[in-house]
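Please look over the sequence and the structure shown here before reading on. The report after them is written for someone meeting this protein chain for the first time.

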Amino acid sequence: MSQKTLVRGGHVLTAGPAGALGDAAVLVSGAVIEAVGPYAELKAAHPDARELGGPHDLVLPGFVNTHGHFSEGLITGIAEQYTLWEWIHALINPVRPHLTYKSAYVGTLLAGVQMLRSGITTANDMFVCDPLPQPVTPGVVAALDELNLRGVVSFGAGDLGLPGGIAPRLDEHAALREAAAASRLSTFRVGIGAVGGQTEELFAASVELAVGGGFGVHIHLQEIREEVTAAFQRFGRSPVAHCAREGPFGAPTLAAHCVWVDRNDRELMALHRVGVAHNPVANMILASGAAPVMEMRALGIDVGIGVDGAASNDSQDFLQALKSAAMLARVTHLQATAMTAFEAFEMATIGGARALRMDDRIGSLEVGKAADIVVLDGSSPTLANVHDPYQAVVWVAGSREVKDVLVDGRPSVVDGEVVTVDVAEVVARSRPLARDLVRKAGLPHLSELAR
Ligand SMILES: [Zn+2]
């Protein structure tokens, strides 16, 4: 198709070397950005191009959500009273044996709609479930393709204290890898739920799969203090030091949380170029703490922002996570300069892409990159007067201002609504599945739906 699209903004925030451009546009040809520059020049050169956006709108790269769990798509707003390990014991462990391909598919659609509405164009996911005779996680890939949402998908394998051994876990990795290879928008990573959740046998097999297969790793690292203490008791070293020694860091690694990383851990992470997913909302809800984001960035560690799971955040709204990241840094350091709006915006876009080692393809509006683009509605009262476009995005905008979203050059959101799936139908389909899930998991004490 030779039809081109000109995406116009009063402010075009490139997140690339060009910085912020006034009255500019992004020329999209097929799935790719062909040009970025002054609107008048691009309009004169391409008078027949379809137009999106307008002179008051803000145009930005799609947000890169560096961490989440589509496995929690059907269990939102539940079990708020626990810290992480209690929460895993009370909610995640009872649910995980009952997740099926169908609940993975519908849960991903439900969470993915919310992500797209908040401007996310890439979702890095770790699906936490128990393996079944039929693979579960390919349901995630099917839903992402249907949504037109770029995915980095992993299976959050764990086997310590769980039945079945490592073979069915490796089979689930293989099924997800094959589904991603056949998909238009998803790429595969090897998921390691956490160092403390795996036998040494599964851990070694995971490392071999990642390093030998040329895949990245996605892992939770040092989210809470207890995790670090337990690793010292079991291995005599921190989870970060264990990964540096036992091999995962030999593959490109994206680590979620890193709240309880000390100076030694941070130096190891910088040395091995470990990317970090910072999840401020989930870290606050679960009372895990505040990650040392600026200390990690000062060492050159690539830090992106994640919404985290639909059960731990519980919202899937990226703009909430973005604002929370900047607020949490400020309240931690008691300094208004602890994290600027520009720094938060950078983490949300190119920073996240770097953390995933995908910055050659996504994360900024630059010629040759994928056309993953968000238009914020400048005609809304919220964005009527933009004194500083970065502050407007981070402090002011909400998901209501997300007007259009392109992923790979194709519209996923038009005039504020997801157009790739029937949203009402997704909602209706999710209801019996969510009820069934909490009933099978035996959670009447936590959910009205299970009673
Ligand atoms: Zn997580």
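The sections below take up the domains, the metal site, the nonpolar cores, the salt bridges and one loop residue in turn.

## Model and domains

The structure is a predicted model, and the values in this report were computed from its atoms. The protein is divided into domain 1, which takes in residues 4-61 + 363-416, and domain 2, which covers 63-355. Domain 1 is thus written as two stretches of sequence, whereas domain 2 is written as one.

The C-alpha centres of the two domains, domain 1 and domain 2, lie 29 Å apart, and 29 residues of domain 1 are in contact with 28 residues of domain 2. Between domain 1 and domain 2 an area of about 2,200 Å² is buried, and carbon and sulfur atoms give 67% of this area. On the side of domain 1, Y390, V394 and W395 supply 29% of the area buried against domain 2, which is more than any other three residues. The count of salt bridges between domain 1 and domain 2 is three.

## The zinc site

Which residues coordinate the zinc ion? The zinc ion is held through the NE2 atoms of H67, H69 and H220, at 2.0 to 2.1 Å. Along the chain these donors follow the spacing H-x1-H-x150-H. The pair H69 and H220 links distant parts of the chain, for H69 is in the loop between β5 (63-65) and α2 (84-95), while H220 is in strand β9 (residues 216-221), 151 residues apart. H69 counts as buried because its relative accessible area is 5%, under the 20% limit, and H220 is likewise buried, at 12% relative accessibility.

Another histidine, H257, has its place in strand β10 (residues 253-257), and H257 is buried, with a relative accessible area of 1%. Leaving aside neighbours within four places in sequence, H257 is in contact with ten residues' worth of surroundings that include the zinc donors H67 and H220. The contacts of H257 also include L221, E223, N279, N283 and D308.

## Nonpolar cores

In soluble globular proteins, nonpolar side chains tend to be buried together. In this model the largest nonpolar core has 134 residues, and L91, L322 and V393 are the members that touch the most other members. The largest share of this core, nine residues, comes from helix α3 (residues 101-117). The core draws at least three residues from each of domain 1 and domain 2.

V393 gives a closer view of such packing: apart from neighbours within four places in sequence, V393 is in contact with L13, L58, L60, F63, L319, L322, F345 and L376. Apart from the largest core lies another core, of 13 residues, among them I33, L52, L365 and I373.

## Salt bridges

The structure holds 15 salt bridges. One of them joins D408 with R150, the closest N and O atoms being 2.9 Å apart. D408 lies in the loop between β14 (402-407) and β15 (410-414) and R150 lies in strand β7, so the pair ties together parts that are 258 residues apart in sequence. Are D408 and R150 buried or exposed? Both D408 and R150 are buried.

A second example is the salt bridge in which the side chains of E246 and R245 meet, at 3.4 Å from N to O; here E246 is partly exposed, at 36% relative accessibility, and R245 is exposed, at 60%. In a further one, R361 is paired with D360, with the closest N and O atoms 3.5 Å apart, and R361 is partly exposed, at 40% relative accessibility, while D360 is exposed, with a relative accessible area of 56%. Salt bridges that share partners also join R150, R184, D372 and D408 into one network.

## A loop residue

P163 lies in the loop between β7 (150-155) and α5 (167-181). P163 counts as exposed because its relative accessibility is 67%, over the 50% limit. P163 and P131 are 32 residues apart in sequence, and their C-alpha atoms are 10.0 Å apart in space.

Terms used
Residues numbered from 1 in each chain as written. Predicted model: local features only at pLDDT ≥ 70, side-chain atom pairs only at ≥ 80, totals over all residues. Heavy atoms only, no water. Donors = N, O, S within 2.8 Å, 3.2 Å for Na, K, Ca; no water. Helix = DSSP H or I, 4+ residues; strand = E, 2+ residues; numbered from the N terminus. Buried < 20%, exposed > 50% of the residue type's maximum accessible area, 1.4 Å probe, protein only. Core = buried A, V, L, I, M, F, W, Y, C linked by side-chain atoms within 4.5 Å. Domains from an automatic or database assignment. Contact = heavy atoms within 4.5 Å. Salt bridge = Lys/Arg side-chain N within 4 Å of Asp/Glu carboxyl O. Buried area = accessible area lost by both parts, 1.4 Å probe.
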